[in-house]
Amino acid sequence: MTELKNDRFLRALLREPVDTTPVWMMRQAGRYLPEYRATRAKAGSFLELCKNPELACEVTIQPLERFPLDAAILFSDILTIPDAMGLGLYFGEGEGPKFERPVRDRAAIEALGVPDMEDDLGYVMDAVRTIRRELDGRVPLIGFSGSPWTLATYMVEGGSTKNFARSKGMLFDAPELMHALLGKLADAVTAYLNAQIAAGAQAVMIFDTWGGTLTPRDYAAFSLAYMQRIVDGLTREAEGRRVPVILFTKGGMGWLEMMADTGADALGLDWTIDIGEARRRVGDRVALQGNLDPCTLYASPEAIRRAVAEILESYGQGSGHVFNLGHGIHPEIPPEHAAAMVEAVHELSRAYHG
């Protein structure tokens, strides 16, 4: 494989010295970019864009053409695994993801199998290989998956939800069924991320989007325990270097110590915690990624620069910080505001790296 020209993202995740704080954005290939919207229109639909390795590569690299970002993230969707399990994923107009065949009883759970990663999900691995080739060592490539609990909520609800009635209903009424589903998903996510690493992903991230909706006890039992299984089963070295793993539980800032105990290399932070406080709580056990409020990017470039400066000052001296938003960039953000953030991170953070 081609040698990396810019590895500060990987070095920061391992708390190794860097010259400036690396930065990327969750959902950086997205609707805020006019070039992304044009490619999506060419693909015909969001799902067809995900399943076309060449076009997925194109949109993955688009933000790097605009901004000097320090990492690329595979363009895909967290629901590829349930789709490959045969649940019939589709996107209703203005309604988000839906499944034709939700999983709501023992028979449906027992019928699920771990997908074949090079057959059922071969388009994802083809996209990873294509992106690595086209990046040509420019920056590292991040692979990712949804967490078992997050995937389970969509599979049981049949789509997006606000109150988690069916998924939490199963958790409380039939916890053994939920555990059976989560166990299968943990096996599938482990195999999925390892296949991405084998195809060329140089770091991986687990998105636990809905872990923060659980009580502390239920989070430990139904979300974190299964992410722990995944971390334990991941390939941690490839191409002669460490493959870092990032855990991100949105709304889970109360459980950072538990998350750090998993052996992950880094924790993603949403915007509801001061990053300096998070650093004091986890010490030098993990790197931290985050955590600008995405809505800050609606503000002026001057206000964005001030907010970036505050986060950098709060984190303080030394490596172990990857700058990011606290969640995905919003579709209405002007691209020049994202550019102002990236520029501010690189310029202002040099003072914190000796």
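**Entry 1: the sheet**

Before I start pairing anything up: two strands pair if DSSP finds at least two bridges between them. I also remind myself that this is a predicted model.

With that settled, I looked at β4 and its neighbour β5. Ser 145 stands opposite Ile 206 in β5. A second match is Ile 142, whose bridge partner in β5 is Ala 203. In total, five bridges join β4 to β5 (residues 203-208), and the two strands run parallel.

Then I turned to β1. Here β1 and β4 pair in the parallel sense over two bridges. Ala 72 is the residue that stands opposite Leu 141 in β4.

Zooming out, I traced an open sheet of seven strands in the order β1-β4-β5-β8-β9-β10-β11, with parallel pairing. The edges are β1 (72-73) and β11 (321-325), each of which pairs on one side only. I also checked what packs on the sheet and found helix α13 (residues 275-282), which touches β9 (266-268), β10 (287-292) and β11. The direction of α13 makes about 160° with that of β10.

**Entry 2: how enclosed is β4?**

Next I went through the strand residue by residue. In a regular strand the side chains alternate between the two faces of the sheet. So I sorted β4 by face: Leu 141, Gly 143 and Ser 145 on one side, Ile 142, Phe 144 and Gly 146 on the other, and all of them are buried. Six of the six residues of β4 are buried, so I note the strand as largely enclosed by the rest of the structure.

**Entry 3: Ser 147**

Where does Ser 147 sit? I placed Ser 147 in the loop between β4 (141-146) and α8 (148-157). Buried or exposed? Ser 147 has a relative accessible area of 0%, so I wrote it down as buried, the cut-off being under 20%.

I then listed its contacts, leaving aside neighbours within four places in sequence: Ser 147 touches Ile 206, Phe 207, Asp 208 and Met 227. Ile 206 is a name I already had, as the residue opposite Ser 145.

**Entry 4: Ile 81**

Ile 81 is in helix α5 (residues 80-87). Its relative accessibility is 0%, so Ile 81 counts as buried. Which residues does Ile 81 contact, leaving aside neighbours within four places in sequence? I got Pro 115, Leu 121, Ser 145, Leu 151, Leu 185, Ala 188, Val 189 and Tyr 192. Ser 145 of β4 is in that list. For Leu 121 I also looked up the spacing: Ile 81 and Leu 121 are 40 residues apart in sequence and 7.8 Å apart in space, C-alpha to C-alpha.

**Entry 5: helix α10**

I counted 25 residues in α10 (residues 175-199). From first C-alpha to last, α10 reaches 36 Å, close to the 36 Å expected at 1.5 Å a residue. Gly 200 follows α10, with a positive phi near 135°.

**Entry 6: backbone oddities**

Most residues other than glycine have a negative phi, and most peptide bonds are trans. I went hunting for exceptions.

- Arg 15 has a phi near 60°, positive in a residue other than glycine. Arg 15 lies in the loop between α1 (8-13) and α2, and at 39% relative accessibility I put Arg 15 down as partly exposed.
- Phe 164 has a positive phi of about 55° and is not a glycine either. Phe 164 lies in the loop between α8 and α9 (165-173), but at 5% relative accessibility Phe 164 counts as buried.
- The peptide bond from Gly 290 to Asn 291 is cis, with omega near -5°. Asn 291 is found in strand β10.

**Entry 7: empty space**

Last stop, pockets and cavities. The largest pocket holds about 1,400 Å³ of space. Of the 41 residues that line this pocket, the closest to its centre are Arg 27, Arg 31, Phe 46, Asp 77 and Phe 91. I also checked which elements give two or more residues to the lining, and these are α2 (34-43), α3 (46-50), β2 (89-92) and β3 (96-99).

How many cavities of 30 Å³ or more does a search of the whole structure find? I found one. The largest cavity has a volume of about 30 Å³. The residues lining the largest cavity are Thr 21, Leu 312, Tyr 315, Gly 316, Gly 318, His 321, Tyr 352 and His 353.

Definitions and conventions
Residues are numbered from 1 along each chain as its sequence is written. This is a predicted model: local features need pLDDT of at least 70, side-chain atom pairs count only at pLDDT 80 or more; totals for chains, interfaces and linings use all residues. Side-chain values use heavy atoms; hydrogens and water are left out. Helices (H or I, at least four residues) and strands (E, at least two) are DSSP runs, numbered from the N terminus. Buried means under 20% relative accessible area, exposed over 50%, partly exposed in between (1.4 Å probe, protein chains only). Contact means heavy atoms within 4.5 Å. Axes are lines fitted to C-alpha atoms, for helices over the stretch in contact, and angles run from 0 to 180 degrees between N-to-C directions. The expected span of a helix is 1.5 Å times one less than its number of residues. On a 1 Å grid over the protein atoms alone, a cavity is a set of points where a 1.4 Å probe fits but cannot get out, and a pocket is an open set with protein on both sides within 12 Å along at least five of seven lines; lining residues have an atom within 4 Å of a point. Grid points are joined across faces, edges and corners, and a volume is the space filled by probe spheres set on the points.
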